[in-house]
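Biologist: Could you take a close look at how helices pack against each other in this model, and then walk me outward from there? I'm new to this, so please go slowly.

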Amino acid sequence: MISRLLELFLAYEEDPNVKLVILKGKGRAFCAGGDVVAVVHDIWAGGWRAGANFFMKEFSLNYLMATYSKPQVSILNGIVMGGGNGVSMHGRFRVATENSVFAMPETALGLFPDVGASYFLSRLPGFFGEYVGLTGARLDGAEMLACGLATHFVPSAKLPMVEAALCDADSSDPVIISSIIDQYCEKPSLKEQTVYNRLDVIDRCFSQRTVEEILSALEREVVDQRDGWIFATIQTLKKASPTSLKISLRSIRVGRVQGVGACLAREYRMVCHVMRGEFSKDFFEGCRAILLDKDKNPKWEPSKLEHIADTTIDRYFSKVKDEDWEDLKPPTRSKFNLPPYVIAKL
Amino acid sequence: MDRAFQRTKVLTGHLLQSPPTSSFQTPSLSSNACLNYSPPELSEKYAFDISDMRKLMDGHDLEERDRLFGMITQSKVFNPRVRGGKVFVSPDYNQSMEQQREMTWKRIEYLFERGVFQGWLTGEGEEVEMRRFACFEVLGLFDHSISIKLGVHFFLWGGAIQFFGTKHHHDKWLRDTENYLIKGCFAMTELGHGSNVRGIETITTYDSNTGEFVINTPCESAQKYWIGGAANHATHTIVFSQLNINGTNQGVHALIAQIRDADGNVCPNIRIADCGHKIGLNGVDNGRIWFDNVRVPRENLLNSVADVSPDGKYLSAIKDPDQRFAAFLAPLTAGRVNIAVNAVYQSKVGLAIAIRYALTRRAFSLKPKEPEVLLLDYPSHQRRLLPLLAKTYAMSFGANYLKMLYVKRTPQSNKIIHVVSSSFKATFTWSNMQILQECREACGGQGLKTENRVGHLKAEHDVQSTFEGDNNILMQQVSKALFAEYMAAQKPNKAFKGLGLEHMNKPCPVIPSQLTTTTLRCSQFQMDVLCLRERDLLNRFVAEVSQCQAKGESKEHAFIMSYQLAEDLGKAFSDRAILQTFVEAEATLAACSLKDVLGMLRSLYALNCLEDGAYLRYGYLSVENAATVRREITKICSELRPHALALVSSFGIPDAFLSPIAFNWIDANSWSSAQH
């Protein structure tokens, strides 16, 4: 699918008849993410390079979408998780509906929010990005609109009309496209228990220096407020891979001050280290426990945050020491007239 | 004619633009044969890993810096604005003085609530001190006022308690300072005395009946002036004053006095006035303070160096008042180090903006019908900016060296720290002003917009050449220290040791009459030629001062008369010391493309030093040599041109801390942007 999307996007960019690209899913999901099980099988069969190859293609597609010279409209009418975010969040327009469910659930799997998440999560308000990335929290359409993950919210019944109007207008002008979608938009109300009402607690806690300090800060808040949501957040963090939490935190913090290309290149390095299992095999254990054997009881190693040295985390961010390995080489964009909103991301 | 035809073609294109097809809003302007912004990231290549270079430049606490950058960009209290699709954070300098002061305080509160200042005074050890420096460097990139407000509270007030006070002061004041239960300031400077601290006129006497010190401002020239934090917020201050005990003036000492109560009301017998609007730094509330026989408990005397007994006897382990005074001032170096380092980071901001702009702005075609030339493709533009870039890299390594010197300080290294911090503070802050001016000019008219930052930084940082030691005074102190080193080395069985003066023990370096590219780029040659200047000027300076003394003048008078040589000598010392730090940093690297580029920068820095007038004035270089140097500089500039983007990206300054002209300045100024 990634190869096919790459082919299509590259072709559409050169085709003057294509003015914009609309991406949508079939059934109850926009896209639930990459086939992680398949990646694991590939690695068992062909070594870590087979897995790396998949991510190289995927991140290249993500970069292409992020720097695309024509607007992309993604219709997120359903589940959009993991790799599904990689092929939608970097596009100019993301349309949420009452069926949307967003998540970046990688830390539970022993991975980390990739596909350029260190770019788009870090740019959410305050420290919401750290919260979403570390906990894998689920957001609905209203929440996605509130925090900027979605650019528009359209009730699912009106989606066919949006599509028709966009095809009719046949324009590449983001101002026109936006105003067309606006015509069918609604302002959804946030549910009462929405996590979006807890932004001040999230900011206080998830701005702390380390994962340990984030947990301590959350624990301090529980004493003060006796809150179910905080308790659940703490539990989620305690269940996630400690290594994943630490590399995810640093990835988001570093990504906040980097352009989208640099983020993807850095994430590629990180994911190669994960594939190689040099410092931890949590990715394989996570896939086993959650996706294969489904006992939901992964045995992380290292099992405690305190046992993971900063120097180990540093290594995830460095080049892979292998003769054949190369940094991610995204497609060249210099020959295209990139719109300002793309240039701003570089 | 060609030009007229071209213009007519462009204008025709505008006029014949087809009408909009849709009935919705007016379409955005489409680009015709118009200028397009082309991001340098797409056309320039990185020859080395910029994250490796950033690690080398920043040196420490990278994670903490990124976290703090994030705190600033992610909060409304730091005034984020969107320009050209990007977020920039910078205080609103169009606000009134009162509003700016209020915002500075709100930002400090925000950071305080998130535990950023934890351990800054109660923590111990090199790690804490280095992390504190890193935080100041980051905050300084956002705004000078906030870093000064924090500097006054932590480095000056807090530092005074730490280093002039003893255990009971630490126990009583440090935790409350760190937790902002009190707000401190530092009352040393007076209207009539700044550099000459020993001449201040505030007088303190002791009342043995009540066990209190009585602090008084005897005349208008004795009012405390420029006291950061005093005008609005500070509750307590360190007061520097002459101490009169039993009719004897024991010299300058420091005491703690409360100036406001917890509700913000000025205490009795204290008068405070505002210093008023300044050319920059209006987020700092500088105040003037008069003490009208203010009584403070005896314990408020900061007594690490001297004390007064309850019955009014003056006690000090150091009998010599000069030495006592020196011991007093030595610990305040942290502030001076901070200012020096901060100046380098401002230069980085200026250069990042100017160079990125020069990589996207074009002016004049060489031939008709050709596209206009990028600013940075002009040799003259390269000559203006790239040597300053090299100097900034050099100063950055110097700054890292100075920080390490400071955190690893021992009583023995105090003297070296004093000389190096004086030299580097003066050099870095003066260079910064020069660099910002050049960068402002290189940005043309855009440099005049406050939101483009580079011009505004000049006014904000002008004060750096004056506070924490007037630069001219500091450089004079450097030359006096070198004089003392020279005299000490003349004693039997003594040689030059320390301050990098060991080269004086060796024979004088010889400069080849023919200078080739290989020679000019060799670090040994570069060190030799800088050491040569330092050596010769030190000899001359000593000779002139000695001559003057031989005529019967005092040493002080002789120093004053030899100011010209002193100035040249101070510069020679600084340039050489800075080059040394560059060479040492370069040596830590294994061979790689990053090291090659660094070597080019080092050569550019060194050769630029050779353009100093002293080289021709005192004949260290022949006229021919000087011409060869000049040509080599132009050559290196063109070799560095392809690395310009990588070199400024390696500063690790997030985009949000630069300004709109460093990015898509066309879109930032578009009509539709102005509508929001």
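Modeller: Sure! One cut-off before we start: two axes count as roughly perpendicular when the angle between them is 65 to 115 degrees, while angles that fit none of the named ranges are called oblique. Keep in mind, too, that this is a predicted model.

Let's begin with helix 6 of chain A, which covers residues 128–135, and helix 10 of chain A, which covers residues 199–206. Their axes are 8 Å apart and make an angle of about 80 degrees. That angle falls in the range I just gave, so helix 6 and helix 10 of chain A are roughly perpendicular to each other. Who does the touching? On the helix 6 side you'll find Phe128(A), Glu130(A), Tyr131(A), Leu134(A) and Thr135(A). Helix 10 of chain A answers with Leu199(A), Ile202(A), Asp203(A) and Phe206(A). Sorted by class, this contact has six nonpolar residues, one polar residue and two charged ones.

Now try a second pair in chain A, helix 2 (residues 36–46) and helix 3. Here the axes are 6 Å apart, and the angle is about 140 degrees. An angle over 145 would count as roughly antiparallel, so this pair, at about 140 degrees, counts as oblique. From helix 2 of chain A, the contact takes in Val39(A), Asp42(A), Ile43(A) and Gly46(A). Helix 3 of chain A brings Trp48(A), Ala50(A), Gly51(A), Phe54(A) and Phe55(A). The class tally for helix 2 with helix 3 is six nonpolar, two polar and one charged.

Two residues from that list lead somewhere else. Take Trp48(A): Arg276(A) lies over the face of its ring, 4.9 Å from the ring centre. Chain A has another arrangement of this kind, where Arg92(A) sits over the face of Tyr341(A), at 4.9 Å from the ring centre.

The other residue to follow is Phe55(A). Counting over all chains, there are 40 aromatic pairs. One of them joins Phe55(A) and Phe59(A), with ring centres 5.9 Å apart and planes at 65 degrees, which makes the pair edge-to-face. Why do these two find each other along the helix? They are four residues apart in helix 3 (residues 48–66) of chain A, so about one helical turn separates Phe55(A) from Phe59(A). Phe55(A) and Phe59(A) are both buried. Over in chain B, aromatic residues form a cluster whose members include Trp105(B), Phe112(B), Trp120(B), Tyr180(B) and Tyr406(B).

Back to helix 2 of chain A for a moment, since its first residue, Val36(A), turns up in another contact list. Val36(A) is touched by Cys287(A), which also touches Val40(A), Leu109(A) and Leu292(A), leaving out residues up to four places away in sequence. Cys287(A) is in helix 15 (residues 282–292) of chain A. Its relative accessibility is 1%, so Cys287(A) counts as buried. You've already met Glu130(A) in helix 6; its C-alpha atom is 23 Å from that of Cys287(A), with their positions 157 residues apart along the chain.

Another buried residue is Gly255(A), with a relative accessible area of 0%. You can find Gly255(A) in helix 13 of chain A, residues 242–255. Setting aside neighbours within four places in sequence, Gly255(A) is in contact with Ser118(A), Ser122(A), Arg123(A), Cys263(A) and Arg266(A).

Loops link the helices, and a few have details you can spot yourself. Pro302(A) is in the loop between helix 15 and helix 16 of chain A. The peptide bond joining Glu301(A) to Pro302(A) is cis, with omega about 0 degrees. Asp170(A) is in the loop between helix 8 and helix 9 of chain A. Though not a glycine, Asp170(A) has a positive phi of about 50 degrees. With a relative accessible area of 41%, Asp170(A) is partly exposed. For a chain B example, Asn79(B) isn't a glycine either, and its phi is positive at about 60 degrees.

Last stop: Lys369(B), in the loop between helix 10 and helix 11 of chain B. Buried or exposed? Lys369(B) is exposed, with a relative accessible area of 66%.

Technical notes
Residues numbered from 1 in each chain as written. Chains lettered and ligands numbered in written order. Predicted model: local features only at pLDDT ≥ 70, side-chain atom pairs only at ≥ 80, totals over all residues. Heavy atoms only, no water. Phe/Tyr/Trp six-rings, centres within 6.5 Å; stacked < 30°, edge-to-face > 60°. Buried < 20%, exposed > 50% of the residue type's maximum accessible area, 1.4 Å probe, protein only. Lys NZ or Arg CZ within 6 Å of the ring centre and 35° of its normal. Axes fitted to C-alpha atoms, helices over the stretch in contact; angles between N-to-C directions. Parallel < 35°, antiparallel > 145°, perpendicular 65-115°, else oblique. Contact = heavy atoms within 4.5 Å. Nonpolar A, V, L, I, M, F, W, Y, C, P; charged D, E, K, R; others polar.
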